[in-house]
Amino acid sequence: MTLRFKTLFVALATTFATISCGEKTDGQNGAAKDVQVNITLDKYYNSHAESTTRTWVKTDKVAMKNLSSASQKSMTASPANEGSASTEFSFNFEGANNGDQLFAYTPASATVRINGGKINLTLNENQTGKIEKPFYIGKGSYSESGINMKMGCPYTTLFANLKQGDYTIKKAILKTNGGEKIAGTVSLDYDTMETTGNTNTVTIEFGSGLDCRKQAQTFAFQITPVTLARGYTITFITDGGSFTYKHEGSVTCTAGGKVETEPIEGKSKTSLLF
């Protein structure tokens with residue numbers, strides 16, 4: 001090999017080595033990097049309308065989407081520790097750049113889709129009346145040096161309070177008086193975190209029934225945090241007929257907040273309550 005070709009060979013080898021090294025360290029070229037994300041859970045309202053601190057457990061999984069990435073694929077991670085509301089998660093980010101918009105949610109199995117700059121969630125219009133493990137979301141900005149994020153429930157919990165009486169509730173139907181959309185496919189705006197649903201009713205079926213004969217009962221509807229300009233109506237189907245509770249004033253619903261009815265005097269036969 002002549003000196004000329006040896007020099008050319010060394011130059012090319014050096015160039016390829018430099019390019020290869022750059023691809024492994026430059027996020028813009030698609031490199032993967034493990035980054036620590038500290039996630040803190042906000043409080044939520046449990047089935048008894050009590051403000052409750054949720055803590056992480058080992059089986060929890062958080063999904064993370066980089067909204068600034070073309071693929072917007074989900075990454076998942078489990079908590080480093082359990083038993084507290086705040087802990088570290090290690091996410092493997094690929095091709096991320098400082099300042100990228102991040103969106104996280106738990107449980108990771110929830111259906112979340114990105115469409116035209118909007119985040120589409122699902123808030124089932126057929127619910128159980130119980131708050132067992134609420135859906136949480138959070139947002140933040142990517143940073144190689146670490147990320148802090150707070151997650152909270154994006155919905156309002158509306159509690160129906162029933163007095164003890166001679167009746168069993170078989171079904172309850174919540175409907176907005178002004179037609180506001182409170183459930184179904186929910187569109188979430190990333191910048192404002194405002195939500196819009198596509199149905200104005202939520203239904204709860206109690207199976208064998210919610211027995212109010214032995215004690216007063218409380219159950220929960222989860223709805224989008226909108227202002228109900230003309231209030232709402234709840235229709236209760238009982239083992240002996242039905243009755244209706246109607247709230248006609250404006251009701252402001254906030255993300256992570258609660259709304260409660262006054263104690264409702266239930267009836268076993270059909271009636272209308274205000």
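1. In what sense do strand S20 and strand S21 pair, and over how many bridges? In this predicted model, S20 (residues 232–238) and S21 (residues 242–247) pair in the antiparallel sense, over 6 bridges. One pair of facing residues is Ile237 and Ser242, the latter in S21.

2. S20 and S21 form a hairpin, with 3 residues between the strands. The turn contains Gly241, and the phi of Gly241 is positive, at about 155 degrees.

3. Next, an open sheet. It has 3 strands in the order S18-S13-S23, and its pairing is mixed. S18 and S23 (258–260) are the edge strands, each pairing on one side only. From one strand to the next, the twist averages 25 degrees.

4. Within this sheet, S13 (residues 156–162) pairs with S23 in the parallel sense, over 3 bridges. Here Thr157 stands opposite Lys258, a residue of S23.

5. The largest pocket has a volume of about 550 Å³. Its lining is made up of 24 residues, and those closest to the pocket centre are Leu123, Lys133, Pro134, Phe135 and Gln222. Three elements give two or more residues to the lining: strand S9 (118–123), strand S10 (126–127) and strand S18 (217–223). The largest share, 3 residues, comes from S9.

6. What classes of residue line the largest pocket? The lining has 9 nonpolar, 9 polar and 6 charged residues.

7. S18 appears in two of the points above. S18 is an edge strand of the open sheet, and S18 also gives two or more residues to the lining of the largest pocket.

Technical notes
Residues numbered from 1 in each chain as written. Predicted model: local features only at pLDDT ≥ 70, side-chain atom pairs only at ≥ 80, totals over all residues. Heavy atoms only, no water. 1 Å grid on protein atoms, 1.4 Å probe; cavity = no way out; pocket = protein on both sides within 12 Å on 5 of 7 lines; lining within 4 Å. Points joined across faces, edges and corners; volume = space filled by probe spheres on them. Helix = DSSP H or I, 4+ residues; strand = E, 2+ residues; numbered from the N terminus. Nonpolar A, V, L, I, M, F, W, Y, C, P; charged D, E, K, R; others polar. Pairing = 2+ DSSP bridges. Axes fitted to C-alpha atoms, helices over the stretch in contact; angles between N-to-C directions.
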